[in-house]
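Work through the exercises below with the sequence and the coordinates at hand. Each task is followed by a worked solution.

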Amino acid sequence: MSRTRWSARVDSVKQVSAHLPATLEALEDLKLLNLTSECRRDIQGLEKYFKTFNCLLLASIWFKILKSIDIVNRVLQCKSGTLDVASKNLSSLIEDLHKIRNEGYDNILNETLIVAKNIGWPQYFKAELKRTRKRKRHIDEDDENENADDHQRTKFKNDVFNIILDSVIGDMTIQEKTTRLVKQYPKDLGDELTDELQSLRLICIFSQLWIFITIPATVASAERSFSVLKRVKNVLRSTMCQNRLPSLGVLAVEKELAKNTNLDAVIDDFAMKKARKGTL
C-alpha cells in the first residue's frame, strides 16, 4: 500500500471485501509451498478470520468510510482547488460521516448479509468464547440463545462501528484535537482553549485574506511533482547527466501537455534547422 496515495487504502480494502473467496483459494495454494511453521500458522490464522462474518462486515464498513474520504480527497488534490471549495468539501464529508454513524449501520449490515448469502459465507457473528456456568433452565424461561445474534449485532455496533466513526470524525475536527491536548497537559491548558482557537481562526482568515486566496488548498500537486525525480532517475538511469535530467523531469510532470503535443511536427522542425558545426 502506497504511503503517499490515499486512494491506495480504499483500493486495498475493496479487494479484500470483493474477493474473499479468491483470497482463501490463494491461501490454499500457499500451503503447497515449502513454508516455515510460523508462516503456516499465519496462513491458518488468516483463513480462520477471513471465513467469519465479522471480517466481511468490517471490510464493508471500512470501504464505505474510505470511499467517502477518497472522493473528497481527490477534489482537494485538484490543481485548481481553492480554500473555500476545500472547506466546503471537508464540512460535507464530516456531515456524511455523521450520517453514516447515526443511520448507516443497519444499511451496511443488511447489504453485507445479502453478500454473505450470495457467496456462501456465514451470516452470523462469531461469538467470543467464554466459559459460562451452566444452570438448569425452567420451563417458563426464554432460551438465552434466541437473541444471541441480536446481542452480537448491538455489541459490534457499539464496540466497533461507533468507535471507528468517532475516531475518524474526531481526527477531522479541532474540538476533538484540543480536548486531547488539554487532557495531556491539564496543568498548562484549560477547557477554553477550543473557543480561543475558533476565534483565532476567524481572525486569521479575515485579517490575512490576501494570503489565503493565493495559496493552494493542498501541497499534493507539488509533492507529486517533486517525487517524479525518483521515477525518472532510477537505478537503471543512475549515470544520467544533469542537462538531460531536468528535461525528462519536465516531460514527466507535464505529461498531459506532452501527450497533446504533435511530436511529428517537432521532429520535422528540428530536422529543418541547420546543423551547427563547432571547432573541437
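**Exercise 1. Burial of an acidic residue**

Is glutamate 28 buried, exposed or partly exposed?

Solution. The model is predicted. Start with the position: glutamate 28 is found in helix α2. Next, take its relative accessibility, which is 38%. Buried would need under 20%, and exposed over 50%. Glutamate 28 therefore counts as partly exposed.

**Exercise 2. A salt-bridge network**

Find the salt-bridge partner of glutamate 28, then say which residues are linked in a network with it.

Solution.
Step 1. Glutamate 28 forms a salt bridge with lysine 31. The closest N and O atoms of this pair are 3.7 Å apart, and the cut-off is 4 Å.
Step 2. Check lysine 31. Its relative accessible area is 30%, so lysine 31 is partly exposed.
Step 3. Look for a further partner of lysine 31. The side chain of glutamate 47 meets the side chain of lysine 31 in a salt bridge, at 2.8 Å from N to O.
Step 4. Place this second pair in the chain. Glutamate 47 belongs to helix α3 (residues 37–50), while lysine 31 sits in the loop between α2 (20–30) and α3, so the salt bridge ties together parts that are 16 residues apart in sequence.
Step 5. Check glutamate 47. With a relative accessible area of 8%, glutamate 47 is buried.
Step 6. Join the pairs. Glu28, Lys31 and Glu47 are linked in a network of salt bridges.

**Exercise 3. A salt bridge inside one helix**

Which residue forms a salt bridge with lysine 155, and where do the two lie?

Solution.
Step 1. The partner is aspartate 159, with the closest N and O atoms 3.1 Å apart.
Step 2. Both residues lie in helix α6 (residues 148–171). They are four residues apart, about one turn of the helix.
Step 3. Compare each value with the limits. Lysine 155 has a relative accessible area of 30% and is partly exposed. Aspartate 159, at 42% relative accessibility, also counts as partly exposed.
Step 4. Set the pair in context. The whole structure holds five salt bridges.

**Exercise 4. A serine in α1**

Describe the surroundings of serine 17.

Solution.
Step 1. Serine 17 lies in helix α1 (residues 7–18).
Step 2. Its relative accessibility is 18%, so serine 17 counts as buried.
Step 3. A polar atom of the serine 17 side chain lies 3.2 Å from the backbone oxygen of lysine 14.
Step 4. Leave out residues up to four places away in sequence. Serine 17 then touches Leu56 and Ala59.

**Exercise 5. Aromatic pairs**

How many aromatic pairs are there, and how are the rings of tyrosine 49 and phenylalanine 50 arranged?

Solution.
Step 1. The count comes to four aromatic pairs.
Step 2. The rings of tyrosine 49 and phenylalanine 50 are 6.2 Å apart, centre to centre, with 45 degrees between the planes. This pair is tilted.
Step 3. Turn to burial. Tyrosine 49 is partly exposed, with a relative accessible area of 38%. Phenylalanine 50, at 12%, counts as buried.
Step 4. Take another pair. Phenylalanine 125 and phenylalanine 156 have ring centres 5.3 Å apart and planes at 40 degrees, so this pair is tilted.
Step 5. This pair links distant parts of the chain. Phenylalanine 125 is in the loop between α5 (83–119) and α6, and phenylalanine 156 is in helix α6, 31 residues apart.
Step 6. Phenylalanine 125 is buried, at 6% relative accessible area. Phenylalanine 156 is buried too, at 9%.
Step 7. Ring pairs link Phe53, Phe125 and Phe156 into a cluster.

**Exercise 6. Two helices in contact**

Describe how α5 and α6 cross, and name residues at their contact.

Solution.
Step 1. Two packed helices are described by the angle between their axes and the distance between the axes.
Step 2. The axes of α5 and α6 come within 10 Å. They cross at roughly 145 degrees.
Step 3. The crossing of α5 past α6 is right-handed.
Step 4. List the contact residues. On the α5 side they include Ile94, Leu97, Tyr105 and Leu113. On the α6 side they include Arg153, Phe156, Phe161 and Ile169.

Conventions. Residues numbered from 1 in each chain as written. Predicted model: local features only at pLDDT ≥ 70, side-chain atom pairs only at ≥ 80, totals over all residues. Heavy atoms only, no water. Buried < 20%, exposed > 50% of the residue type's maximum accessible area, 1.4 Å probe, protein only. Polar contact = N/O pair within 3.5 Å; in protein donor to acceptor, adjacent residues only side chain to side chain. Contact = heavy atoms within 4.5 Å. Phe/Tyr/Trp six-rings, centres within 6.5 Å; stacked < 30°, edge-to-face > 60°. Axes fitted to C-alpha atoms, helices over the stretch in contact; angles between N-to-C directions. Left-handed = near helix turned anticlockwise from the far one by under 90°.
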